[in-house]
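Got your viewer open? Let's take a walk through this one, a stop at a time.

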Amino acid sequence: MREVAFVRSPVAHAKLTGIRIPDDIRSSVFIAKDLTGVANIRAVSPLPGFQVSEQPPLVTDRIRHVGELIAMCVADTRAEAEDIAARVVLEYDELPAVVDMHKAQQPGCVQIHDTIKRNIFVEVGYDGPIETPPGMRR
């Protein structure tokens, strides 16, 4: 069994422009382009209005949240994997972050996912009478 440590995004939103991996650890570090044949994580739901989305297991070009996985470092021990991860250098151009869910829906706000309109994955509403559960007073 091997141990894994991830290199994670330190920023909320950015264009990933490069990943520098020292030659002596390259065989222990995996980035998105190394994961040939690994499918994206796909979110699908039968809920009306749900917008299907896909996310690669590791960042390919655009960072979308703090802590997003960018590189996977494999070693015999957790400490070695962490040491390898600490040597990987990320290069990125920071983009405006969206930190308020109400502002994220306003026209002109930065779109975090190009295919998700108004930064909303699903919007659910309810139209009908709301019953008081047994034992509860109105």
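Here's the route: a sheet, a helix, a core, and then some charged pairs. One thing to keep in mind throughout is that this is a predicted model.

**Stop 1: the sheet**

Select residues 3-8, which make up strand E1, then add 29-31 for strand E3 and 69-75 for strand E7. You're looking at an open sheet of three strands, ordered E1-E7-E3 and paired antiparallel. E1 and E3 are the edge strands, and each has a single partner, so one side of each has no neighbour in the sheet. Going from one strand to the next, the twist averages 25 degrees.

Now zoom in on E1 and E7. How many bridges join them? There are six, with the two strands running antiparallel. For a handy landmark, pick Val 7: Ala 71 in E7 stands opposite.

**Stop 2: the helix across the sheet**

Next, show residues 78-87 as a cartoon. That's helix H1, which lies across E1, E3 and E7. Its angle to E1 is about 25 degrees.

**Stop 3: the core**

Turn on side chains for Val 7, Val 29, Ile 63, Cys 73 and Val 88. Within the largest nonpolar core, which has 20 residues, these five touch the most other members. At least two core residues come from each of E1, E2 (14-20), E3, E7 and H1. Which strand gives the most? It's E7, with four residues.

Stay on Val 88 and bring up its surroundings. Beyond its neighbours within four places in sequence, Val 88 is in contact with Val 7, Val 29 and Cys 73, as well as Ile 19, Arg 20, Ile 21 and Ile 25.

**Stop 4: Asp 24 and Arg 87**

Time for charges: the structure holds seven salt bridges, and we'll visit some of them. Start with Asp 24 and Arg 87, whose side chains meet at 2.9 Å, N to O. Asp 24 sits in the loop between E2 and E3, while Arg 87 belongs to helix H1, so to speak a link between distant parts of the chain, 63 residues apart. Colour by accessibility and you'll find Asp 24 exposed at 58%, with Arg 87 partly exposed at 38%.

**Stop 5: Arg 42 and Glu 54**

Select Arg 42 and Glu 54 for another salt bridge, with the closest N and O atoms 2.8 Å apart. Arg 42 is in strand E4 (residues 41-43) and Glu 54 in strand E5 (residues 53-55), so this pair ties together parts 12 residues apart in sequence. Glu 54 has 43% relative accessibility, which makes it partly exposed.

**Stop 6: Arg 62, Asp 114 and His 113**

Jump to Arg 62 and Asp 114, a salt bridge with its closest N and O atoms 2.8 Å apart. Arg 62 comes from strand E6 (residues 62-63) and Asp 114 from the segment after E8, so the pair connects parts 52 residues apart in sequence. Is each partner buried or exposed? Arg 62 is buried, with a relative accessible area of 16%, whereas Asp 114 is exposed at 65%.

Finish with His 113, found in the segment after strand E8 (89-94). His 113 counts as buried because its relative accessibility is 18%, and the cut-off for buried is under 20%. Leaving out neighbours within four places in sequence, display Arg 64, Asn 119 and Phe 121 to see what His 113 is in contact with.

How values were computed
Residues are numbered from 1 along each chain as its sequence is written. This is a predicted model: local features need pLDDT of at least 70, side-chain atom pairs count only at pLDDT 80 or more; totals for chains, interfaces and linings use all residues. Side-chain values use heavy atoms; hydrogens and water are left out. Two strands pair if DSSP finds at least two bridges between them. Axes are lines fitted to C-alpha atoms, for helices over the stretch in contact, and angles run from 0 to 180 degrees between N-to-C directions. Contact means heavy atoms within 4.5 Å. A nonpolar core is a set of buried Ala, Val, Leu, Ile, Met, Phe, Trp, Tyr and Cys residues joined through side-chain atoms within 4.5 Å. Buried means under 20% relative accessible area, exposed over 50%, partly exposed in between (1.4 Å probe, protein chains only). A salt bridge is a side-chain nitrogen of Lys or Arg within 4 Å of a carboxyl oxygen of Asp or Glu.
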